[in-house]
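Hi everyone, thanks for making time for this. I'd like to walk you through one structure, so please have a look at it while I talk.

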Amino acid sequence: MEDISYVDVGDGPVSLFVHGVGTSSYLWRNVIAAFRDERRCVAIDLPLHGGSAPRDDLSIPALAEAVEELCEGLGLAEVDLVANDTGGAVAQVFAVRHRERLRTLTLTNCDVHTNTPPEAFKPTVDLAARGELAPLTALVLDQPELLAQTAYGEGYERIDDPAALVEAYLRPIFAKPDGGRAFERLLTSIDAKDMIAIEPQLTVLTVPTLLVWGTGDAFFDVSWARWLRDTIPGVKEIVEIEGGRLFFPDDRADELVPHLRRFWAQP
């Protein structure tokens, strides 16, 4: 796991946070700030993101195995797993493969079943497939104000500091050798077949599971939370964050934290 970067702060029961495509462990900073005095908070930078190196295989199952490598390397025997966006797809694959590591699972707005990648994101994936996304995205590195015109503008209700997000999310990717090309390869590796393949295992997944879903998300409609509820027997409830967008765990972390605290406290 030498090539995997991560945040690791605090002591106590372990909360493990997984971000999605084009973000990083930085997404979870506000949630971690709320829990660092009562829990050990670990947030991975998935391969290519943040300080983590790119890998040849950037498919959802391969990303799930990177999470397992981190757990093995840090000796994390039992975790409360929390995930967002593509990280939610990664978490679902991780959950069915490594059930023994999970105390609980919390999914926020994320890829589910055939909505992988979501319809609204497919134009971006098409750009990646044509090799046109990297040069367009590179423009944002020096003009952070353009961030609002990208998928990030759809994912956040507000972007108060676009330069900070560019530095935390995009520059670490593009600073790596052939990082832009690897980013395009990552997007084109997201495939619904990987999620459809695990449906039988999800139907017998009894890990206590919480779904916290923003209702204002252009990518992942709340109907997908209901699909998860109807598929995973371990689901305890769906909590709806009114008007919350994809990245509400960042810009509305204060509304996610109480639900996590309550859920984790249940016997």
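**A histidine and its helix neighbours**

Let me begin with H98: leaving aside neighbours within four places in sequence, its contacts are E65 and E68. Before I go further, please keep in mind that this is a predicted model. H98 sits in the loop between α3 and β5, the latter running over residues 102-110. Is H98 buried or exposed? It is buried, with a relative accessible area of 11%. If you want a sense of distance here, the C-alpha atoms of H98 and G87 are 15 Å apart, and the two residues are separated by 11 places along the chain.

One of those contacts, E68, is among the buried residues of α2, so let's move to that helix, which is largely enclosed by the rest of the structure, with 11 of its 15 residues buried. Those buried residues include I60, L63, V67, L70 and L74. And which elements cover them? Among them are the strands β1, β2 and β3, along with the helices α3, α8 and α9. As for its length, α2 reaches 22 Å from its first C-alpha to its last, close to the 21 Å expected at 1.5 Å a residue. Just after the helix, G75 takes a positive phi of about 65°.

**Salt bridges**

Now for the charged pairs. How many salt bridges does a search of the whole structure find? The answer is 20. I've picked out a few for you.

We can stay with α2 for one of them. R55 forms a salt bridge with E69, and their closest N and O atoms are 2.9 Å apart. The pair links distant parts of the chain, with R55 in the loop between β3 and α2 and E69 in helix α2, 14 residues apart. On accessibility, R55 counts as buried at 17%, while E69 is partly exposed at 31%. There is a third partner too: D3, R55 and E69 are linked in a network of salt bridges.

Another pair is R261 and E38, again with closest N and O atoms 2.9 Å apart. R261 lies in helix α13 and E38 in the loop between α1 and β3, so this salt bridge ties together parts that are 223 residues apart in sequence. R261 is partly exposed, with a relative accessible area of 35%, and E38 is partly exposed as well, at 37%.

My last example is E119 with K122, whose side chains meet in a salt bridge at 3.2 Å, N to O. Here E119 is exposed, at 56% relative accessible area, and K122 is partly exposed, at 30%.

**Two pockets**

On to the pockets. The largest pocket has a volume of about 520 Å³. Its lining has 29 residues, and F121, T124, T150, A151 and Y152 lie nearest its centre. Which helix gives the most to that lining? That would be α5, with 5 residues. The helices α4, α5, α6 and α8 each supply at least two residues. By class, the lining comes out as 21 nonpolar, 6 polar and 2 charged residues.

The second largest pocket holds about 170 Å³ of space. Its lining includes Y26, R29, Y156, R158, D160, D161, D250 and D251. The elements that give two or more residues to this lining are α1, α7 and α12. Its class counts are 5 nonpolar, 1 polar and 6 charged.

**Backbone details to check**

Before we finish, here are three spots for anyone who likes looking at backbone angles. T116 and P117 are joined by a cis peptide bond, with omega about -10°. P117 is in the loop between β5 and α4.

H113 lies in the loop between β5 and α4 too, and its phi is near 50°, a positive value in a residue other than glycine. H113 counts as buried, at 13% relative accessibility.

Then there's L48, in the loop between β3 and α2. L48 has a positive phi of about 85° although it is not a glycine. How accessible is L48? Its relative accessibility is 0%, and it counts as buried.

That's my tour, and I'm happy to go back to any part of it.

Key. Residues numbered from 1 in each chain as written. Predicted model: local features only at pLDDT ≥ 70, side-chain atom pairs only at ≥ 80, totals over all residues. Heavy atoms only, no water. Salt bridge = Lys/Arg side-chain N within 4 Å of Asp/Glu carboxyl O. Helix = DSSP H or I, 4+ residues; strand = E, 2+ residues; numbered from the N terminus. Buried < 20%, exposed > 50% of the residue type's maximum accessible area, 1.4 Å probe, protein only. 1 Å grid on protein atoms, 1.4 Å probe; cavity = no way out; pocket = protein on both sides within 12 Å on 5 of 7 lines; lining within 4 Å. Points joined across faces, edges and corners; volume = space filled by probe spheres on them. Nonpolar A, V, L, I, M, F, W, Y, C, P; charged D, E, K, R; others polar. Expected span 1.5 Å × (residues − 1). Contact = heavy atoms within 4.5 Å.
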